[in-house]
Amino acid sequence: MPIYEYKCDICGQVFEKLVFSSGDEERTLCPKCGDKKVRRVLSVAGILGSTCAKAPTGFS
Ligand SMILES: [Zn+2]
């Protein structure tokens, strides 16, 4: 099962979560502020390699 990395839109907290199913993903909450406005981000290696890359879609 994959471990995904998430970032909270509210407080910016980045955390990892084991995702057992797609439904489980929808219930992901920020461990810091408890908000569900979190977005899945790429792996740590992906983040480090794309610091200057384009902004993620769906964020306006
Ligand atoms: Zn948060």
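**Entry 1: burial and surface**

I looked up burial first: of the 60 residues of the chain, 15% count as buried. I note here that the model is a predicted one. For the surface, I found that the chain exposes about 4,700 Å². Carbon and sulfur atoms supply 56% of that exposed area.

**Entry 2: elements of the chain**

I then listed the secondary structure and found two helices and three strands. Read from the N terminus on, the elements run β-β-α-β-α. I also looked up contacts in the chain with a separation of 6 or more, and residues 24 or more positions apart account for 31% of them.

**Entry 3: strand pairing**

I took the strands next. Strand β1 covers residues 3–8 and strand β2 covers residues 14–18. The two pair in the antiparallel sense, over five bridges. I checked single partners: Ile 3 has Leu 18 in β2 as its bridge partner, and Lys 7 has Val 14 in β2. β1 and β2 form a hairpin, and I found five residues between them. In the turn, Gly 12 has a positive phi of about 85 degrees.

I asked which strand, apart from β2, pairs with β1, and over how many bridges. β3 does, in the antiparallel sense, over four bridges. In that pairing I found Cys 8 opposite Val 38 in β3. As a general point, I keep in mind that side chains in a regular strand alternate between the two faces of the sheet.

**Entry 4: the zinc site**

Which residues coordinate the zinc ion? I found four sulfur donors, the SG atoms of Cys 8, Cys 11, Cys 30 and Cys 33, at 2.3 Å. The angles that the four donor atoms subtend around the zinc ion run from 106 to 119 degrees, so the arrangement is tetrahedral. Along the sequence, the donor residues follow the spacing C-x2-C-x18-C-x2-C. One pair of donors links distant parts of the chain: Cys 8 is in strand β1, and Cys 33 is in the loop between α1 (22–26) and β3 (38–41), 25 residues apart.

I looked up the accessibility of three of these cysteines. Cys 8 has a relative accessible area of 2%, and it is therefore buried. Cys 33 is at 39% relative accessibility, so I entered it as partly exposed. Cys 11 is at 33% relative accessibility, so it also goes down as partly exposed.

I stayed with Cys 11, which is found in the loop between β1 and β2. Leaving aside neighbours within four places in sequence, Cys 11 is in contact with Cys 30, Lys 32 and Cys 33. Cys 11 and Cys 30 are 19 residues apart along the chain, and I read 8.7 Å between their C-alpha atoms.

**Entry 5: the salt bridge**

How many salt bridges does the structure hold? I found one. The partners are Asp 9 and Arg 39, and the closest N and O atoms are 3.0 Å apart. Asp 9 lies in the loop between β1 and β2, whereas Arg 39 is in strand β3, so the pair ties together parts that are 30 residues apart in sequence. Asp 9 has a relative accessible area of 30%, so I entered it as partly exposed. The general background is that side chains of opposite charge can pair when their charged atoms come close.

**Entry 6: Thr 28**

My last look-up was Thr 28, found in the loop between α1 and β3. Is Thr 28 buried or exposed? At 2% relative accessibility it counts as buried, because the cut-off for that is under 20%. Leaving aside neighbours within four places in sequence, I found Thr 28 in contact with Tyr 6, Phe 15, Lys 17, Lys 36 and Val 38. Val 38 is also the residue that I noted opposite Cys 8. I looked up one more separation: Thr 28 and Arg 40 are 12 residues apart along the chain, and their C-alpha atoms are separated by 9.7 Å.

Key. Residues numbered from 1 in each chain as written. Predicted model: local features only at pLDDT ≥ 70, side-chain atom pairs only at ≥ 80, totals over all residues. Heavy atoms only, no water. Pairing = 2+ DSSP bridges. Donors = N, O, S within 2.8 Å, 3.2 Å for Na, K, Ca; no water. Tetrahedral: all angles 85-135°; square planar, octahedral: opposite > 155°, others 65-115°. Buried < 20%, exposed > 50% of the residue type's maximum accessible area, 1.4 Å probe, protein only. Salt bridge = Lys/Arg side-chain N within 4 Å of Asp/Glu carboxyl O. Contact = heavy atoms within 4.5 Å. Areas by Shrake-Rupley, 256 points an atom, 1.4 Å probe, with all protein chains shown as cover.
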